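Here is a set of short questions and answers for a first look at a protein chain. Read them with the sequence and the structure side by side.

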Amino acid sequence: MGESNFIDYVKILCRSGKGGAGSSHFYRAKYLPKGGPDGGDGGRGGHIILRGNRHLWTLLHLKYTRHIFAGNGEPGSRGRSSGKDGEDRTIEVPIGTAVYDAESGKYLCEITEDEQEIKLLRGGKGGLGNWNFKSATNQAPRYAQPGEPAIEKSLILELKLLADVGLVGFPNAGKSTLLSSISEAKPKIADYPFTTLVPNLGIVGYRSNQSFVMADIPGIIEGASEGRGLGLRFLRHIERNAVLLFMIPADTDDIVKEYNILLNEVSTFNPQLENKPRVLAITKCDMLDDELIEEMRQHLPDGVPTVFISSVSGLGIQELKDLLWLTINDENNKIGVEITHRDLDMSHRVQEEDEFVFENEPISDEEAVEEEEWDDEYWEEDHIDDDYTGR
């Protein structure tokens with residue numbers, strides 16, 4: 001996995017900008033020695049903003065840019081001049097990226113649309129200059145507000161591929177072969193297990209110039225939900241699929257048993273997946289005759305639409321595409337009907353990323369930071385901000 005350019009889990013350190021200090025200044029002129037307070041306000045610190053980008057499909061660029069710091073606001077000056085706002089920093093991520101607190105694992109937000117923007121860390125407000133505090137009883141205020149401190153946070157970014165159909169099966173079940181035969185995707189195919197080491201996406205053409213997206217993940221083995229094999233790391237990529245296509249080879253001794261094992265692993269990883277619409281494809285059927293296929297139909301799981309296919313000969317491929325298209329477009333099977341966001345627990349984390357230690361960068365007193373409490377009020381207030389609300 002170390003040589004792969006497909007990065008779907010990364011830990012980064014973000015810091016918003018500190019607000020600039022207000023100015024405590026008094027106007028002085030040749031014929032106006034007591035012109036009164038005219039200290040300007042400090043500029044606000046820069047925000048850390050997350051933005052969806054449909055042209056990205058991996059988090060590789062963040063693996064080598066782990067420190068993302070916004071600019072500090074400049075202090076106010078005389079003549080009621082406000083300081084310049086700090087520069088915002090925008091993090092471009094693929095659609096389907098979820099954000100978690102690296103310390104607690106708490107779910108924070110998710111990008112689901114192109115150009116959607118979410119403010120992750122708010123820049124510190126600039127301090128008020130002394131001219132704001134003048135009054136009839138306090139005509140010469142000699143104080144101004146300091147700027148609010150910056151906010152620093154370690155975050156986990158986890159990519160979940162958004163596709164219409166997710167392929168689920170044991171190693172060598174024919175998932176990659178199917179994807180390569182009905183789309184332009186070119187996944188690695190070989191006659192040994194675990195040839196697929198990273199997820200693959202393919203656009204499947206359908207009748208009348210229509211299409212849907214299919215995602216292939218590494219093969220699942222029994223115990224994948226407990227960390228065995230490669231399946232656990234990539235099961236997250238089928239969480240946002242509309243339909244799950246279970247694939248079992250025709251030469252399997254017990255199709256029902258293998259199907260139940262796969263379903264158990266998927267539902268153990270995320271119980272919500274048990275309610276996803278499912279289709280079963282019996283693969284490698286090019287050597288079966290009609291009589292044998294009818295006999296096998298008597299020993300299939302109940303309640304699951306089943307198609308016998310062969311990616312090599314094309315047997316049942318059009319029937320499978322028709323069934324998938326109908327299932328995807330069923331009004332009850334839309335991706336956005338209900339999505340349960342779970343927090344990261346130890347079994348769903350990537351150890352090498354969690355153990356990553358950021359380089360020590362000393363912070364001066366002027367750049368002091370504070371820990372942000374991630375409560376519901378923060379996000380409610382954030383989402384009514386017209387400048388940076390998610391669209």
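Q: Where is the place of Pro75?
A: The model shown here is predicted. In it, strand 3 and strand 4 are joined by a loop. Pro75 sits in the loop between strand 3 and strand 4.

Q: Is Pro75 buried or exposed?
A: A residue counts as exposed when its relative accessible area is over 50%. Pro75 has a relative accessible area of 53%. Pro75 is therefore exposed.

Q: Which residues is Pro75 in contact with, leaving aside its neighbours within four places in sequence?
A: The C-alpha atom of Pro75 is separated by 8.1 Å from that of Gly127, 52 residues apart along the chain. For contacts, the neighbours within four places in sequence are left aside. The contacts of Pro75 are then Gly20, Ala21, Gly42 and Gly83.

Q: How many helices and strands are there in the protein chain?
A: The protein chain has 391 residues, and 50% of them count as buried. Its accessible surface comes to about 19,700 Å², with 47% belonging to carbon and sulfur atoms. The chain holds eight helices and 15 strands.

Q: Among contacts between residues at least 6 apart in sequence, what percentage join residues at least 24 apart?
A: Start with the contacts in the protein chain between residues at least 6 apart in sequence. Among these, pick those that join residues at least 24 apart. Their share is 76%.

Q: How many residues of strand 9 are buried?
A: Strand 9 covers residues 165-169 and is mostly covered. Val165, Leu167 and Gly169 point one way, Gly166 and Val168 the other way, and all are buried. The count is five of five.

Q: Which residue in strand 12 stands opposite Val168?
A: Strand 9 pairs with strand 12 (residues 243-249) in the parallel sense, over five bridges. In strand 9, Val168 points the other way from Val165, Leu167 and Gly169. Opposite Val168, in strand 12, stands Phe246.

Q: Which residue in strand 11 stands opposite Val165?
A: Strand 9 also runs parallel to strand 11 (residues 210-216), and three bridges join them. Opposite Val165, in strand 11, stands Met214.

Q: Which helix gives the most to the largest nonpolar core?
A: The largest nonpolar core has 26 residues; Ile238, Phe246, Val266, Leu280 and Ile282 touch the most other members. Strand 12, helix 4 (255-269), strand 13 (278-283) and helix 5 (290-296) each supply at least two residues. With seven residues, the most is given by helix 4.

Q: How many residues are in the other core, which includes Val10?
A: In soluble globular proteins, nonpolar side chains tend to be buried together. Another core lies apart from the largest one. Among its members are Val10, Ile118, Leu120 and Leu155. Its size is 25 residues.

Q: Why does the salt bridge of Arg15 and Glu152 tie together parts far along the sequence, and how many residues apart are they?
A: The closest N and O atoms of Arg15 and Glu152 are 2.9 Å apart. Arg15 lies in strand 1 (residues 9-15) and Glu152 in strand 8 (residues 150-159), so the pair ties together separate parts of the chain. Along the sequence, they are apart by 137 residues.

Q: Does Glu152 count as buried or exposed?
A: Buried means under 20% relative accessible area. Arg15 has 11% relative accessibility and counts as buried. Glu152 has 18% relative accessibility, so Glu152 also counts as buried.

Q: What is the N to O distance in the salt bridge of Asp88 and Arg44?
A: Asp88 is in the loop between strand 3 and strand 4, and Arg44 in the loop between strand 1 and strand 2. Asp88, at 21% relative accessibility, counts as partly exposed. Arg44, at 23%, counts as partly exposed. Their side chains meet, N to O, at 3.1 Å.

Q: Which residue meets Arg207 in a salt bridge?
A: Arg207 is in the loop between strand 10 and strand 11, and its partner is in helix 6 (residues 317-328), 115 residues apart. Arg207 counts as partly exposed, at 44% relative accessibility. The N to O distance is 2.9 Å. The partner is Asp322.

Q: Which residues are linked with Arg51 in a network of salt bridges?
A: The structure holds nine salt bridges. Some link up in a network that includes Arg51. Linked with Arg51 are Glu92 and Glu117.

Key: Residues are numbered from 1 along each chain as its sequence is written. This is a predicted model: local features need pLDDT of at least 70, side-chain atom pairs count only at pLDDT 80 or more; totals for chains, interfaces and linings use all residues. Side-chain values use heavy atoms; hydrogens and water are left out. Buried means under 20% relative accessible area, exposed over 50%, partly exposed in between (1.4 Å probe, protein chains only). Helices (H or I, at least four residues) and strands (E, at least two) are DSSP runs, numbered from the N terminus. Two strands pair if DSSP finds at least two bridges between them. A salt bridge is a side-chain nitrogen of Lys or Arg within 4 Å of a carboxyl oxygen of Asp or Glu. A nonpolar core is a set of buried Ala, Val, Leu, Ile, Met, Phe, Trp, Tyr and Cys residues joined through side-chain atoms within 4.5 Å. Contact means heavy atoms within 4.5 Å. Accessible areas come from the Shrake-Rupley method with a 1.4 Å probe; for residues, only the protein chains shown count as cover.
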